[in-house]
Amino acid sequence: MQFGGGLTALVWCSVFAHIHCDSCRYITLQSAGLRVNCSSQGLRMIPQLPTTVTELLLQNNLLCTVTPGHFDALHNLQLVNLSKNPFNCDCNIRYLSHWLKRNQAMSGMAVCASPAELAHRPIDGLADADFPSCFSAECSGWVYNSVLCFVLCFLIGLLLWCLQLARNSTFTLGIDESHSALEAESLRSLKPKHRARMRRSIGSDDMDTPLLNMELLPQILDVLHKQHNIKIKVP
């Protein structure tokens, strides 16, 4: 039987090579279970374990917390010993506390070492009231996310509203016949020397010619209205 147990340990060590084989000892039990003994090895974190483990001995190490979800895959686990570890009972220890409460048949024997107000208290006896700072942090994070989501939704809605408004808006401009010769009139108002210079550049006859052909105006107005939804009033 000893030979079979040693062979099984070697098999487990080869499969889980990332586990320190010289630290944890694997023993096959007569009840077809698997005992993993990692006690007194100075471990600061729990190694990855085979899912078939039934007994887990982790006492007398340097464990301060248990990673959330670490024990969830160990469905065959029947016994766990977590005594004599300096557990820090902050927000991260809530997973272990809830897990021990759900599996009270196992002898966890885990107690808090810090902070001072929770020292020597069993971890499976902790309540949510013992973690007020954790809930305040979660609440503030929830409020921040809610406000951020509301602001983003408001900005998106405002942008969509502006686009819809611009699509359905009608632009109305007033134009007078006098505007067609606006540039010519402005040239006539120039000083004589400036007017003479402009006459040489554009010609004297061009100043009396309207810049906008009023006969084409109805066609321009029709195109602006149909294609761009722009209405122009002509007195």
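This passage describes the fold, the nonpolar core, selected buried residues, the salt bridges and a surface patch of a predicted model. Local features were considered only at pLDDT of at least 70 and side-chain atom pairs only at pLDDT 80 or more, whereas totals for chains, interfaces and linings use all residues. Residues are numbered from 1 along each chain as its sequence is written, and side-chain values rest on heavy atoms, with hydrogens and water left out.

The chain contains seven helices and eight strands, taken as DSSP runs numbered from the N terminus (helices: H or I, at least four residues; strands: E, at least two). Of its 235 residues, 27% are buried (buried: under 20% relative accessible area; exposed: over 50%; partly exposed: in between; 1.4 Å probe, protein chains only). About 15,700 Å² of the chain is exposed, and carbon and sulfur atoms supply 61% of this area (Shrake-Rupley method, 1.4 Å probe; for residues, only the protein chains shown count as cover). Among contacts (heavy atoms within 4.5 Å) with a separation of 6 or more, 47% join residues 24 or more positions apart.

In soluble globular proteins, nonpolar side chains tend to be buried together. The largest nonpolar core has 33 residues, of which Val36, Phe71, Phe87, Leu96 and Ile123 touch the most other members (a nonpolar core being a set of buried Ala, Val, Leu, Ile, Met, Phe, Trp, Tyr and Cys residues joined through side-chain atoms within 4.5 Å). Strand β2 and helix α2 (94-102) each contribute at least two residues to this core, and the largest share, four residues, comes from α2. Beyond its neighbours within four places in sequence, isoleucine 123 contacts Phe87, Cys89, Ile93, Leu96, Ser97, Leu100, Ala110, Val111 and Cys112.

Two further buried positions were examined. Tyrosine 26, in strand β1 (residues 25-28), is buried, with a relative accessible area of 5%. Its C-alpha lies 9.8 Å from that of leucine 56, and the two residues are 30 residues apart in sequence. Asparagine 61 is located in the loop between β3 and β4 (79-81) and is buried, at 4% relative accessible area. A polar atom of the asparagine 61 side chain lies 2.9 Å from the backbone nitrogen of glycine 42. Residues up to four places away aside, asparagine 61 touches Cys38, Ser39, Ser40, Gln41, Gly42, Leu43, Lys84, Asn85 and Pro86.

Side chains of opposite charge can pair when their charged atoms come close. Two salt bridges are present (a side-chain nitrogen of Lys or Arg within 4 Å of a carboxyl oxygen of Asp or Glu). In one, glutamate 55 pairs with arginine 35, with 2.7 Å between the closest N and O atoms. Glutamate 55 belongs to strand β3 (residues 55-57) and arginine 35 to strand β2 (residues 34-37), so this pair ties together parts 20 residues apart in sequence. Glutamate 55 is buried at 18% relative accessible area, while arginine 35 is partly exposed at 28%. Arginine 121 and aspartate 130 form a salt bridge with closest N and O atoms 3.2 Å apart; arginine 121 is partly exposed at 30%, as is aspartate 130 at 22%.

On the surface, Val147, Phe150, Val151, Phe154, Leu155, Leu158, Trp161 and Leu165 make a nonpolar patch of about 820 Å² (patches: residues with over 30% relative accessible area and no salt bridge; like charges joined within 9 Å, nonpolar side chains, namely Val, Leu, Ile, Met, Phe, Trp and Tyr, within 5 Å). Valine 151 lies in helix α3 (residues 132-168) and is partly exposed, at 38% relative accessibility.

Conventions:
Polar contact = N/O pair within 3.5 Å; in protein donor to acceptor, adjacent residues only side chain to side chain.
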